[in-house]
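Here's a quick tour of a protein model, in two stops: a sheet and a ligand site. Take a look at the structure first, then read on.

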Amino acid sequence: MAVVVEPLVTLSPSQYGRLLRCPYQVLLEKSAEGKAIQALPGRGAGGAGPIGTIIHGVLEQANLTGIMDEAGFEAAWQQQLVAQEAQLVKKHQEHLVPLAYRARNYAVRKLLLQWLIVGKKPTLRDGESAGSPVGAEKKLTDSTGVVSGTADLIRRQSTGDLEVLDYKTGGIMEAAVSETSAPQVKQGYVLQLRLYAALLHEQAGEWPTRLVIADLAGGEHEVSFTREQCTEVLESALGLHKQVNLAVIDGKANELAKPAADVCPLCAMRPLCEPYAEWLIGQNGA
Ligand code: SF4
């Protein structure tokens, strides 16, 4: 029997790339059965407890011995991280290691703690305060309330320019098409950042001048964009949201499945996906 899926209330920029790849996967992940699969050991993001312990340990060290700069913060963080990961292995929770890749919001939580202790925060312009778009974990929503998500960091340069940053713990670049081609930021991330730019404009009336994907080593990869591209992505996202929900309401959600050899093997929803099973039979019979 097909899994019961519900219409999507909102669509987040981080979800959009996956929704383009296979809308049915996103719907299945939100079903009761899909959530149960993701809660199995080794599936989905976890690690909230160990990260809390690391934060605690670093704060304790800051109070006892003082942490004066970013290098001191990094050393204290690494010391706590190594100890926590050793504990997890000892408790047979290897699926949560390395925490940098497994723990939800690892990079953002680390950055926020660094600001707290070392005092380096995003710049606010004179007179900029509560309603300002500048800061960490800024929620951005379009005028309809449908496309909504949280940008990791919006910062203002001394020139007044706004930048949107998103931190990624996994691979950032697409596999090279040829030996001579320059590596490109993954298309899903490009669309995500362009959506943030459009949402920032809708919400605060300002366009960013730079969109950046940052990695854990502090590297920054710029995402190209024009205002027209960002507006177009937002319109496409709104259109896709409508199309997906119409299919769900019509009872045709499984027609949204897009079985493909480069997507399905990595999809945890395979046991719930009838179109995948049918596609597999077709492939084997071909
Ligand atoms: S198994 Fe394939 S077709 Fe089915 S939901 Fe996952 S990605 Fe989509």
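Before we start, one term: two strands count as paired if DSSP finds at least two bridges between them. Keep in mind that this is a predicted model. We'll begin with the sheet and finish with the residues around the ligand.

**The sheet**
- Five strands make up an open sheet, lined up as β1-β2-β3-β4-β5, with mixed pairing.
- Why do β1 (135-141) and β5 (220-223) each have one side without a neighbour in the sheet? These two strands stand at the edges and have a single partner strand each, so one side of each is left free of a neighbour.
- From one strand to the next, the twist averages 40°.
- In general, strands of a sheet pair through backbone hydrogen bonds, and they can do so parallel or antiparallel.
- For a case to look at, take β2 (residues 148-156) and β3 (residues 162-168): they run antiparallel and are joined by four bridges.
- Within that pair, I154 sits opposite V164 in β3.

**The helix across it**
- Helix α8 (residues 187-204) lies across β1, β2, β3, β4 (210-215) and β5.
- Its direction is at about 140° to β3.

**Around the ligand**
- How many residues surround the ligand? There are 15, and the closest are C22, C264, C267, C273 and Y276.
- Two elements, α2 (23-29) and α10 (274-285), give two or more residues to this shell.
- Helix α2 supplies the largest share, three residues.
- Sorted by class, the shell has 12 nonpolar, one polar and two charged residues.

Terms used
Residues are numbered from 1 along each chain as its sequence is written. This is a predicted model: local features need pLDDT of at least 70, side-chain atom pairs count only at pLDDT 80 or more; totals for chains, interfaces and linings use all residues. Axes are lines fitted to C-alpha atoms, for helices over the stretch in contact, and angles run from 0 to 180 degrees between N-to-C directions. Two residues are in contact if their C-beta atoms, placed from the backbone, lie within 7 Å. A residue is near a molecule or strand if its C-beta atom, placed from the backbone, lies within 6 Å of it. Ala, Val, Leu, Ile, Met, Phe, Trp, Tyr, Cys and Pro count as nonpolar, Asp, Glu, Lys and Arg as charged, and the others, Gly among them, as polar.
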